[in-house]
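Dear colleague,

Please find below the structure that I am handing over to you. I would be grateful if you could look through it alongside the notes in this message.

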Amino acid sequence: MPPEGRRRDGAGRRIGVLLVNLGSPAGTSYWPMRAYLKEFLSDRRVIEVPRAIWWLILNGIILSVRPQKSGKNYASIWNNDLDEAPLKTITRAQADGLTERLADGSDIVVDWAMRYGCPTIESRIGRLLDRGCDRVLVVPLYPQYAAATTATVNDAVFGVLKRLRFQPALRTAAPWHDDPVYIDALARSLERHLAGLDFEPEVVLASFHGVPLEYIQKGDPYRRQCEETVRLLRARLGWPEERLMLTFQSRFGKAEWLQPYTDKTVERLAREGVKRMAVMMPGFVADCLETIEEIGVENAEIFRHAGGERFAAIPCLNADEEGMAVIERVVRRELEGWVG
């Protein structure tokens, strides 16, 4: 039954926590990939090109050629046991881990959703309401705020609520780019993974997903928050700027995006004589195509082709102890007043 048809009498007294990440295709073949890319790239928050022009580009060019390439990349990282992308596997594990951490007597129900693809935000909000939640905390899983990520999650949530007869009280989590628990988790995770390498990197890149420069010029705080994260992480590690460098990856199209670009920096440093490098991705809470394939494969090849020798992609915080400590911290912070 659609959300507006469910009976809502306000009797529930439970609190729902909904973790939301970007999304994943249902499969790696052409049509699942096409459906996923069309939903993602049709979002006005993601692509701000005038609609008529973008419709022609998207439907006439991108959706004709990109599904095959993206499908091949996804196939290389696919979780074949569960027949899903790693982002789904990890986000589910994060929700399960959070459920365990919040099992302290509070009547809290944890669930997870994807902004694009399945499980949908609408279906999971409906499930929380069916389980008696009259208050819902939505946590967009992005430490740094961007309109193309955090805001579009909130847009989708508000769109669901505006169709409901009975609306739960709603909170959306603020970004946590400068939270001490997050900074410490990044530092401890990085130190742990570096200790497990058989080489010592000369340089570590902190690579964040890029956005068009125009978005920042319109007032998006994303770049400032990424810079603050790296500044605090350097201070926590006691590293100079040349030891931990900020870069931006995953640019798309011909417009200027945030710089310095990760791939260009990787190539430049290798040509300048850097032989050992590691890359961490602090803006991603879970490993996905952009971390596993783009950094771990594509950028590793760029580095070696330009003269580098040893390269390591540092895993994201994921559902490890450090990652779960951050998610728990954010949720408990945002639940203050609802939970004693």
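The notes below describe two helices, several salt bridges, a surface patch and two individual residues.

Please bear in mind throughout that this is a predicted model.

Helices H11 and H6

Helix H11 runs over residues 321-334. At 1.5 Å a residue, its 14 residues should span 20 Å, and the C-alpha atoms at its ends are indeed 20 Å apart, so the two values agree. Most of this helix is covered, with 10 of the 14 residues buried. The buried positions are Glu322, Gly323, Met324, Ala325, Val326, Ile327, Glu328, Val330, Val331 and Glu334. What do these buried residues of H11 pack against? Their partners are three strands, E1 (14-23), E3 (133-140) and E4 (169-172), together with two helices, H3 (86-101) and H6 (180-195).

Helix H6 is thus one of the elements against which the buried residues of H11 pack. H6 has 16 residues, and the distance from its first C-alpha to its last is 22 Å, close to the 22 Å expected at 1.5 Å a residue. At the start of H6, a side-chain oxygen of aspartate 179 comes to within 2.8 Å of the backbone nitrogen of valine 181. Buried residues in H6 are Tyr182, Ile183, Ala185, Leu186, Ala187, Ser189, Leu190, His193 and Leu194. These pack against strand E5 (203-209), helix H8 (222-237), strand E7 (276-280) and H11.

Salt bridges

How many salt bridges does the structure hold? There are 29, and a few of them are described here.

Aspartate 43 and arginine 115 form one such pair, with their closest N and O atoms 3.2 Å apart. The two residues come from distant parts of the chain, 72 residues apart: aspartate 43 is in the loop between helix H1 (30-41) and helix H2 (51-77), while arginine 115 is in strand E2 (residues 108-116). Both aspartate 43 and arginine 115 are buried.

Arginine 45 forms a salt bridge with aspartate 155, and here the closest N and O atoms are 2.7 Å apart. Because arginine 45 lies in the loop between H1 and H2 and aspartate 155 in helix H5 (residues 147-161), the pair ties together parts that are 110 residues apart in sequence. Arginine 45 has a relative accessible area of 31% and is therefore partly exposed. Aspartate 155 also counts as partly exposed, at 33% relative accessibility.

A further salt bridge joins the side chains of glutamate 122 and arginine 163, at 3.4 Å from N to O. This pair again links distant parts of the chain, 41 residues apart, with glutamate 122 in helix H4 (residues 121-130) and arginine 163 in the loop between H5 and E4. Glutamate 122 is partly exposed, with a relative accessible area of 31%, and arginine 163 is partly exposed at 38%.

Salt bridges also link Arg101, Asp104, Glu321, Glu328 and Arg332 into a network. Of these, Glu328 is listed among the buried residues of H11.

A nonpolar surface patch

Which residues form a nonpolar patch on the surface? They are Val49, Ile53, Ile57, Ile61 and Val65, which together have about 410 Å² of accessible area. Valine 65 is placed in helix H2. With a relative accessible area of 54%, valine 65 lies over the 50% cut-off and so counts as exposed.

Two individual residues

Glutamine 249 is located in strand E6 (residues 244-249). Is this residue buried or exposed? Glutamine 249 is buried, because its relative accessible area of 3% is under the 20% cut-off. Its side chain makes a polar contact with the side chain of serine 207 at 2.7 Å. The side chain of glutamine 249 also reaches the backbone oxygen of glutamate 290, at 2.9 Å. Leaving aside neighbours within four places in sequence, glutamine 249 is in contact with Ser207, Phe208, His209, Gly210, Thr262, Met281, Phe284, Glu290, Glu294 and Ile295.

Asparagine 79 sits in the loop between H2 and H3. A polar atom of its side chain lies 3.2 Å from the backbone nitrogen of leucine 82. Not counting residues up to four places away in sequence, asparagine 79 touches Glu84 and Thr89.

With kind regards

Technical notes:
Residues numbered from 1 in each chain as written. Predicted model: local features only at pLDDT ≥ 70, side-chain atom pairs only at ≥ 80, totals over all residues. Heavy atoms only, no water. Helix = DSSP H or I, 4+ residues; strand = E, 2+ residues; numbered from the N terminus. Expected span 1.5 Å × (residues − 1). Buried < 20%, exposed > 50% of the residue type's maximum accessible area, 1.4 Å probe, protein only. Contact = heavy atoms within 4.5 Å. Salt bridge = Lys/Arg side-chain N within 4 Å of Asp/Glu carboxyl O. Polar contact = N/O pair within 3.5 Å; in protein donor to acceptor, adjacent residues only side chain to side chain. Patch = residues over 30% accessible without salt bridge, like charges linked within 9 Å, V, L, I, M, F, W, Y side chains within 5 Å. Areas by Shrake-Rupley, 256 points an atom, 1.4 Å probe, with all protein chains shown as cover.
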